[in-house]
Every structure is written in C-alpha cells, then in structure tokens.
Amino acid sequence: MLEKFLQSYFTSIGAFAWDKAREMTEKNKQFICTHSTQFHNLLITLYQNERSYFSLEFLEQKWFLKKDQLRNSYSQIQANFLAIKFPDVTSTEAKDQQNMIRTTSSQLAEFCSLRSQSIAIYQNLSKAAMNSSYERTCISIKLLLDLISKKLHGQMYESIKINLYDELNLLHSLLEASSSISTWEFAKASYALQRSHTVLVKWKPIFTNKSSGTFRSSIFSFGEKVSNPSSALYNWLEKMFKFLNSKTTFYFYESFSQSLTVDEMKQALSKMSYDFVSKSLAFMKKYDGNYLRLYLTNRLVDDTGEVAQIRHGYVIPPSSMYDENSYAFNGSPKFSSVLTLPQTIIQDEVMDQEILAKAYATLNNPHEKVNVHLLHEGKNTIFCALVDKNMSLIMSMKGVRSEKDTNVQSYFNDTLQQLRPRRIALIR
C-alpha cells in the first residue's frame, strides 16, 4: 500500500498536479503516520514548496520577507528527510515499510538539493541584463542535469526526473538561443529554439488550464506579482521563447526569406509576439522613410589578419577572433548590412558606414539609454542607433530632420526596448 501511494504521489508531483498530491497525502495520513508522522509532514511541505517554486514566489524579494525563504525551506526539509526517526518494530513487514520510507527520504533529500540549486540559477538570472554572457549559467545547468541521473534512481522517481530534465533543458536551450542570436549563429539559434518549443508544447496543455498571472516591474526585484499563478514559471519561459523568436525573424529575416515564399513569410511574421519587420515597414510608409538597415560589426579578423567575411545571415567567426580596435572608419567597410527594408532598395552604404563609425567611436554602454546619431545627406537624413556592441540600426528619412524628431525617436525607443530589455526578468 505504501509503495502504491508513493508511486501516485511522485507521478502527481512530476505532472504538476499538486492538489492531487495533497489529496492523496491527506487521504493516507493515518496509514503514513503509523510509520512516521514526520515523513507525512515533510511530504506536505514538499508539494507546497513545489507549487511555490512554479509560481516564482522565491523571486519576490520584498523587504519584509526573507530573501531565500523557499530555498531555505528546501534545505531544511532536505536535512529533515535525512534525520527521520523510526519507532522500534519487530515484524518483517513493518521493517520493510520503514526501509522503503528511509530509501525514499534519501532520494527526496537529493531532489530538494537539486531544487535549491535550480532556485539559485533563477535568482542569478533575474538580475542579469539581456546582454550578459550566459556561459557560466549554462555550465551550471549542464552540471545540474548531470547530477539528476546520478542522484535520483529508480522507476518510482521517473516522473520528477523527467520534470527536472525538461525544465532545465528548456532553460538551457533558451539561454543558448539568446547567445547564438547575439553572435549571429543562425543554425545554432534555430535548433535551440526548436528544442525549447518541444518542451513548451508538451507543458502547454498542463499549464494553460491553471490560473494565469503576470509580473510587473518592481524597484525591489524581479517583479511584483499581480496574482498568485502556479503557472508563472511556464508563462515566463514561454514569453522568453516568443521574445527570442521575434528577434530571430528580424535579425535573420533575409535568411528566412530565401527559404519561404512571400505568403509563408507574412504568415510567420503574423505569429510573432512583436513583428519588427512589419512595424518598421509601416513606420517608413507613414513617415516618409527611405530604408532601414540592420548592421553587424565587421570587427573580426581571420587567420591571415584580413577582415573575415560574414556568411550572410548564417554565422560569423567565433568571438575569440575579435579585433577590438577595428571600429574606426578608414575607407574600408567595418560593418556588414544583414537586413535591408524594403528589400527592393538599392542604396550606396558609404554614408551608413560613416555614421556607424562615428556612433561606435563614442560607444560606452549602449544599454544605458537610446542614443540616436544623425547625418544629413542632401535632402535626406540618416539616423543611427546602437542595439548592442555588435548590432546597429540605420534609418534613412526623407527631408532635413533634427535629432529631436519625435517620430523617429519614438520608433527607435520602442524597437530597442523590444530588442534589449534591461533585464532578462523583465521580458513580457
């Protein structure tokens, strides 16, 4: 009877069915308590912690609450699982039941340790800027994934192992996609997003039936919760996926255009949470724009010392090959155009290269605020804004305009806010 209960309990925890786990635990209270009241109480605390974990409550660092309350709770029940005391028994059956609880408690202690490490990863991410390197975080996730198979053994725990694998692989794939997009690795980013999508599709039927909710920006931390959703973690991971997917279709638009028909491309863009391409085209049509270009810095050298050629839209050489001093404009192009809208525009890039060189010459921290640079070219005005240290936007507008043009400023502010949220936790 105990084994059957434990199997159902872990299946419920692994399927995010915390209410079902609670009902089963309460229904079998008398039976469980005959072996260990402490074990029964710890099972209650565990499913309560699991619900809190997926609601992201541990990222609400309100000043009147302990910062690591949930993490400390997992650590405490981890210690308590290992310290369970049993009464003396004589029957073989009772001894077998105690041994099963002892073995299960040992495994649950390992599970609590894994959860504590997961919480630490999310807490670090909640403070990270979107332009941060996720290499160390990805290494931490990989190490944690390796620990799952080493620490959790037996068919009984298979559902919670799958739960952990899916969650951590999803997070790792999203971070890998973000890094790959910023380093212009089309194939790697696409595969990472596809892996993310596989888990999200699997989780969607489960979490869309739960109460939903969002976070709003808070001066204290990750955000202040509007409601108390058990699906908050899923919602955030899904929003991060949509954000990265939208960014990918913008950065690699010309690559996608080569493999999709016009109608297929329009259909794909219509599904994006933010359609950069359509919004940019609509803005230029409304406010007399000539063209928009997305530029990638050509700050790379190959083995011969020459500027490396970018295989358009797919990949650039690794960042270890960066020549950090090659921003200055000396007559040769230092920036490669990777997107031009409308695609039918044929326009000389000389003036673009000049304003880009000036913009990067004053580069400090492009994430602090939106700095728009301009250059007048006859009856046209060229505006430039840096997305990050690798990417920049150029827009040519008809007429002689000032740097305070409110429409242009508004476009760049909105676009860059979508491309580079200040912190990864504020993706929405």
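# Briefing: an antiparallel sheet and an aromatic cluster

Strand 5 and strand 6 run antiparallel and are joined by six bridges. They belong to a predicted model, in which five strands form an open sheet with antiparallel pairing, in the order 4-3-7-6-5. Beyond the sheet, the structure holds 28 aromatic pairs, while a search of the whole structure finds zero disulfides.

**The sheet and its edges**

- Strand 4, covering residues 335-341, and strand 5, covering 372-377, stand at the edges of the sheet with a single partner strand each, so one side of each of them is left without a neighbour in the sheet.
- On average, and with direction ignored, neighbouring strands of this sheet are turned by 25 degrees against each other.
- At one edge, strand 4 pairs with strand 3, which spans residues 289-297, in the antiparallel sense and over six bridges; within this pairing, leucine 296 stands opposite serine 336 of strand 4.
- Where strand 5 meets strand 6, glutamate 377 has asparagine 380 in strand 6 as its bridge partner, and the hairpin of these strands has two residues between them, with glycine 378 taking a positive phi near 60 degrees.
- Helix 15, made of residues 406-419, lies across strand 3, strand 5, strand 6 (380-386) and strand 7 (391-398), and runs at about 155 degrees to strand 7.

**Aromatic pairs and the cluster**

- The ring centres of tyrosine 53 and tyrosine 122 are 6.2 Å apart and their planes stand at 70 degrees, so this pair is edge-to-face.
- This pair links distant parts of the chain, as tyrosine 53 lies in helix 4 (residues 37-54) and tyrosine 122 lies in helix 6 (residues 92-126), with their positions 69 residues apart.
- Tyrosine 53 is buried, with a relative accessible area of 0%, and tyrosine 122 is likewise buried, with a relative accessible area of 3%.
- Phenylalanine 283 and tyrosine 287 form a tilted aromatic pair, with 4.9 Å from centre to centre and 40 degrees between the planes; phenylalanine 283 counts as buried at 9% relative accessibility, whereas tyrosine 287 is partly exposed, with a relative accessible area of 24%.
- Ring pairs also link a cluster that consists of Phe16, Trp18, Tyr53, Phe54, Phe58, Tyr122, Trp203, Phe207, Tyr234 and Trp236.

**Charged groups over rings**

- Arginine 115 lies over the face of tyrosine 53, at a distance of 4.1 Å from the ring centre, and tyrosine 53 is also one of the residues of the aromatic cluster.
- Arginine 293 has its charged end over the ring of tyrosine 291, 4.5 Å from the centre of that ring.

**A buried lysine**

- Lysine 247, which lies in helix 10 (residues 232-251), counts as buried at 10% relative accessibility, because the cut-off for a buried residue is under 20%.
- Leaving aside residues up to four places away in sequence, lysine 247 touches Ile181, Phe276 and Leu419.

**Cysteines**

- A disulfide is a covalent bond between the sulfur atoms of two cysteines, and the search of the whole structure finds zero of them.
- Among the cysteines, cysteine 33 is partly exposed, with a relative accessible area of 22%, whereas cysteine 138 is buried, with a relative accessible area of 13%.

Conventions
Residues are numbered from 1 along each chain as its sequence is written. This is a predicted model: local features need pLDDT of at least 70, side-chain atom pairs count only at pLDDT 80 or more; totals for chains, interfaces and linings use all residues. Side-chain values use heavy atoms; hydrogens and water are left out. Two strands pair if DSSP finds at least two bridges between them. Helices (H or I, at least four residues) and strands (E, at least two) are DSSP runs, numbered from the N terminus. Axes are lines fitted to C-alpha atoms, for helices over the stretch in contact, and angles run from 0 to 180 degrees between N-to-C directions. Contact means heavy atoms within 4.5 Å. A disulfide is a pair of cysteine sulfur atoms within 2.5 Å. Buried means under 20% relative accessible area, exposed over 50%, partly exposed in between (1.4 Å probe, protein chains only). Rings of Phe, Tyr and Trp (its six-membered ring) pair if their centres lie within 6.5 Å; planes under 30 degrees apart count as stacked, over 60 as edge-to-face and the rest as tilted. A charge sits over a ring if NZ of Lys or CZ of Arg is within 6 Å of the ring centre and within 35 degrees of the ring normal.
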